[in-house]
Amino acid sequence: MANCGTARAGESLTIPTGNLLSPVLGTLSIWAYFDSSKQGDYSFLWDTDGSRFVAYKAPDKVFYVFFDGVFAFGTTYPSAGWHMVTVKWAGALVAIYIDGVEVATTTLANPVAFTGVTKLYLGSNYVGTQQWNNPIDELRIDNIARTDEEIAAAYASGQPLPVDK
């Protein structure tokens, strides 16, 4: 039997946010591989300092999103395979899209603020545990709230959207 190497340690990418996450308007879009065989664990697609802006899969196979540490919505975990996950916000109005289709929207009690957020953690929670453990690709953060049509077109074409003005 050939030596296949050893398992790698958990990986995540830490991105300083600076002015990347506008508290007024924004869109975060990312391609991620969802593995339906991984059950019974929490898997974070992204997190921020103190879990202020979070997206993760829970053992109940629901994909949850929090803004400013407050639950925004949960949606059924997608089937196994590559999916484009997009979250947008405009004041207190927030929405999530899977593969270009809006699957949940809500109005928060307070407008999005991202208070205290200095880093975005891709592939784990903010302490580096609860790994996503699947491929992640093509992160995009916009300081505008993309329209439903733009989000659907980005998914359908597989091409990047124009640069924010």
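## A chain of charges

Let's start with Glu150, which counts as partly exposed because its relative accessibility is 25%, above the 20% under which a residue is called buried. Keep in mind that this is a predicted model. The side chain of Glu150 meets that of Arg146 in a salt bridge, with N and O 3.1 Å apart. Arg146, by contrast, is buried, because its relative accessible area is 3%.

From Arg146 we can hop to Asp142: these two form a salt bridge as well, and their closest N and O atoms are 3.2 Å apart. Is Asp142 buried or exposed? Asp142 counts as buried, because its relative accessibility is 3%. So this particular bridge joins two residues that are both buried.

Asp142 has another partner, Arg140, and their side chains meet in a salt bridge at 2.8 Å, N to O. Arg140 is partly exposed, since its relative accessible area is 22%. Put the pieces together and you get a network of salt bridges linking Arg140, Asp142, Arg146 and Glu150. Searching the whole structure turns up 4 salt bridges.

## The greasy middle

Now for the nonpolar side chains. In soluble globular proteins, these tend to be buried together. Here, the largest nonpolar core has 32 residues. Which residues have the most contacts inside this core? They are Trp46, Phe53, Phe63, Phe67, Val85, Trp89 and Ile96.

Several strands chip in with two or more residues, including E3 (43–48), E4 (53–57), E5 (62–67), E7 (81–90) and E8 (93–98). Strand E2 (25–34) is on that list too, and E2 gives the most to the core, with 4 residues. Apart from this core lies another one, made of 7 residues, among them Trp31, Met84, Ala95 and Tyr97.

## Asn125, tucked into a loop

Finally, have a look at Asn125. You'll find Asn125 in the loop between E10 and strand E11 (136–142). Sitting in a loop doesn't leave Asn125 out in the open here: Asn125 counts as buried, because its relative accessibility is 7%.

What is Asn125 in contact with, leaving aside its neighbours within four places in sequence? The answer is Phe44, Asp47 and Gln130. Phe44 and Asp47 fall within the range of strand E3 (43–48), one of the strands that give two or more residues to the largest core.

Definitions and conventions:
Residues are numbered from 1 along each chain as its sequence is written. This is a predicted model: local features need pLDDT of at least 70, side-chain atom pairs count only at pLDDT 80 or more; totals for chains, interfaces and linings use all residues. Side-chain values use heavy atoms; hydrogens and water are left out. A nonpolar core is a set of buried Ala, Val, Leu, Ile, Met, Phe, Trp, Tyr and Cys residues joined through side-chain atoms within 4.5 Å. Buried means under 20% relative accessible area, exposed over 50%, partly exposed in between (1.4 Å probe, protein chains only). Contact means heavy atoms within 4.5 Å.
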